[in-house]
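Subject: Structure handover

Hello,

Here is the structure for you to look at. Please open it first, then read the notes underneath.

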Amino acid sequence: MKGKYAKIINYLLYPKGYAIAINVFIIALLSFFVYLFVYYTGGTKYVYTHSSYLPVIFASVVFGVKGGFITGIVCGVLLGPLMPLDTKTGEVQETLNWVFRMGVFVIVGVFSGLMANVFRYNTKRIIDYLTHNQETGIPNISALTKNYLIKEALDDENTQLAFSILINKYENIIEVISRDHYNDLIKQIYHNLRSNLPQETQIIQSATDKIWVAIKDPNIEEYINKILTTLNVSYYINNIPLFVTFSIGVCRHQNYYSLIDTFKNADMSARRAQKYNVPYLIFQNEHFESFRNIELLGMFRNALYQEELNLHYQPKICLKTNKPIGIEALLRWNHPKHGEIKPLEIIPLIEETELINTLSYWVLKRSLDTVSNLSKLDIKMKISLNISPKNLMDKNFIDRVIDLVDHYNIDNEYIEFEITESALIENLDLCAKLLKHIKDYRIGLSIDDFGIGYSSLSYLSNLPVDIVKIDSFFINQMTKEKAVRHIVHSTIELVHDLGMKVVAEGVENQEQLEILKGMNCDYVQGYLYAKPMNETDLINWYLEYHKEERI
Ligand code: C2E
Ligand code: CA
Ligand code: CA
């Protein structure tokens with residue numbers, strides 16, 4: 001129900017605040033007019049007493065049974081002992097006469113009040129049914145239409161930022177914990193958002209895996225951070241911790257978009273964030289976005305040949321010997337005009353094109369240069385390269401890798417590929433076959449970002465993997481949540497049982513390190529030891545590290 005009529009009905013059926021006072025005043029005024037009307041038309045002997053049904057029914061509609069009852073009594077009294085049978089002669093009514101009339105007023109008032117209550121109750125139920133998700137009780141997409149009958153309707157005029165929050169891998173979550181518990185999870189997410197965001201924020205569940213949030217404030221960075229910290233907590237279902245990740249899209253609400261369109265834009269960015277495995281993306285403008293992507297890709301092609309690209313290396317430390325055993329190559333792009341462009345901004349785009357093979361080949365070549373420079377200084381460390389599954393699917397890629405490694409005269413065992421768990425799971429059968437092929441060449445394999453893929457661990461045993469890298473999310477949460485510690489511990493044990501080794505990613509402090517040592521973790525990587533560095537800094541770091549070690 002929209003517009004004026006809905007407003008009037010809302011005003012009558014659900015009066016609040018000053019509307020209650022106005023309605024009481026109208027009823028009093030009507031009753032008084034009826035009194036005057038009956039008095040000046042000659043008293044109760046004429047038919048005009050029936051006009052009392054007006055205030056009685058009005059009161060019962062507005063205030064229900066109580067309103068009908070009270071107004072019935074008031075009108076009964078006004079037209080009873082306070083009103084003569086005949087105003088001209090002043091003849092008094094018989095008591096039974098006015099009491100009976102009052103009784104009828106009361107019965108009519110109570111009955112129509114009852115009907116109004118039933119109507120009110122049913123209307124509320126229908127509206128609730130239409131505008132709320134029946135499983136979670138959270139307002140749904142119908143609540144978007146401005147509706148005077150619901151409190152939580154998203155308000156067009158007051159929305160400045162539209163957030164679309166997707167729950168990643170929600171089908172897996174449902175499969176693991178059941179639909180009912182999944183709904184409990186959504187409720188927890190909703191309540192966390194409710195209690196951490198300003199009161200006027202409007203939140204709806206627009207699909208099974210999607211929550212929309214309308215924020216009144218234009219400060220985009222502040223609210224992205226607020227929402228990220230609100231969402232990134234452990235969720236407990238039946239005391240079992242669940243690790244839920246989200247992909248968020250944000251769109252500014254502009255006048256030329258309808259509110260729904262703004263949310264659809266936010267949805268688009270959220271889907272993109274999900275695809276590229278980044279926590280959030282801000283919607284720019286469809287044309288601008290695709291223009292920027294094409295522009296970025298064009299710039300990248302030039303960058304490959306113009307020395308704008310660089311590699312940084314981050315050491316991995318063996319906890320048993322406390323020695324660096326390997327380095328991971330991480331791409332750096334310093335654009336002369338646009339400054340540093342993050343790998344996560346460009347790599348997902350490149351993965352959609354043939355350029356990914358050119359890039360991975362370039363990374364390999366550059367890494368092998370570094371490895372041979374290091375070996376000249378008698379520094380022997382394994383090199384890990386981040387590889388996209390698209391690389392594996394290109395038949396020539398592996399052959400070119402092997403040729404190049406041969407050319408540098410480096411033992412294949414010094415090369416390791418890192419493949420993200422999520423990419424692996426998407427194409428498990430095919431990847432398993434291709435990985436076995438790589439393994440034939442004695443190239444090491446490690447599973448990156450392990451744990452956030454949210455899948456069963458059984459697939460691990462069928463893969464020729466040497467190393468599992470536990471995602472930094474778990475290492476970060478481990479010191480805060482006992483349950484996460486248990487998960488990390490049992491993952492390490494399971495991986496060891498399968499004859500593989502574990503790297504903990506993103507180790508930033510001593511506390512995390514001590515816990516990992518206690519759990520028998522094999523290797524660590526993170527800012528605590530070293531940030532990714534260029535080749536020269538890496539060599540200096542290595543020499544310095546060894547100097548300290550010897551002391
Ligand atoms: P990744 O493979 O998970 O790499 C680890 C990321 O965590 C790196 O981000 C690294 O700089 C960062 N990091 C390392 N230690 C810490 C720590 O203690 N704390 C925190 N907060 N972060 C830490 P970076 O370099 O921005 O790379 C991001 C992602 O981009 C990588 O994630 C990888 O998936 C991808 N990537 C980077 N270089 C390449 C490449 O040459 N090829 C491909 N295909 N992907 C790459
Ligand atoms: Ca990696
Ligand atoms: Ca990683």
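The notes below cover the domains, the site of ligand 1 and the calcium site.

Please keep in mind that this is a predicted model.

Domains

The domain assignment splits the chain into domain 1 (2–131), domain 2 (141–283) and domain 3 (293–550). Taken over C-alpha atoms, the centres of domain 1 and domain 3 are 79 Å apart.

Ligand 1

The shell around ligand 1 holds 19 residues, and the closest are Gln-314, Arg-332, Asp-448, Glu-508 and Tyr-527. Sorted by class, the shell has 9 nonpolar, 6 charged and 4 polar residues.

Three polar contacts may be useful if you set up the ligand. On the nitrogen side, a nitrogen atom of ligand 1 lies 3.0 Å from a backbone N or O atom of Leu-331. On the oxygen side, the side chain of Asp-448 places an N or O atom 3.0 Å from an oxygen atom of ligand 1. Tyr-527 uses its backbone instead, with an N or O atom 2.8 Å from an oxygen atom of the ligand.

Taken on its own, ligand 1 has 800 Å² of accessible area, and the protein covers 79% of that. Two or more residues of the shell come from each of β9 (324–335), α10 (343–350) and β13 (444–450). Strand β9 gives the largest share, with 4 residues.

Calcium site

Which residues coordinate the calcium ion (ligand 3)? The donors are Asp-448 (OD), Asp-449 (OD) and Glu-505 (OE), with Glu-505 (OE) listed twice, at 2.1 to 2.6 Å. The spacing of these donor residues in sequence is D-D-x55-E. A calcium ion (ligand 2) lies 4.1 Å from the calcium ion (ligand 3), and Asp-448 coordinates both. Asp-448 thus appears at both sites: this residue also has the side-chain contact to ligand 1 given above.

Asp-449 is in strand β13, while Glu-505 is in the loop between β15 (501–504) and α18 (510–518), so this pair ties together parts that are 56 residues apart in sequence.

Are these two donors buried or exposed? The cut-off for buried is under 20% relative accessible area. Asp-449 has 19% relative accessibility and therefore counts as buried. Glu-505, at 11%, counts as buried too.

Regards

Technical notes
Residues are numbered from 1 along each chain as its sequence is written. Chains are lettered from A and ligands numbered from 1 in the order in which they are written. This is a predicted model: local features need pLDDT of at least 70, side-chain atom pairs count only at pLDDT 80 or more; totals for chains, interfaces and linings use all residues. Side-chain values use heavy atoms; hydrogens and water are left out. A residue is near a molecule or strand if one of its heavy atoms lies within 4 Å of it. A polar contact is a pair of N or O atoms within 3.5 Å; within protein, one must be able to donate a hydrogen and the other to accept it, and residues adjacent in sequence count only if both atoms are side-chain atoms. Accessible areas come from the Shrake-Rupley method with a 1.4 Å probe; for residues, only the protein chains shown count as cover. Ala, Val, Leu, Ile, Met, Phe, Trp, Tyr, Cys and Pro count as nonpolar, Asp, Glu, Lys and Arg as charged, and the others, Gly among them, as polar. Donors are N, O and S atoms within 2.8 Å of the metal (3.2 Å for Na, K and Ca); water is not among the atoms, so sites may look incomplete. Buried means under 20% relative accessible area, exposed over 50%, partly exposed in between (1.4 Å probe, protein chains only). Domain bounds come from an automatic or database domain assignment.
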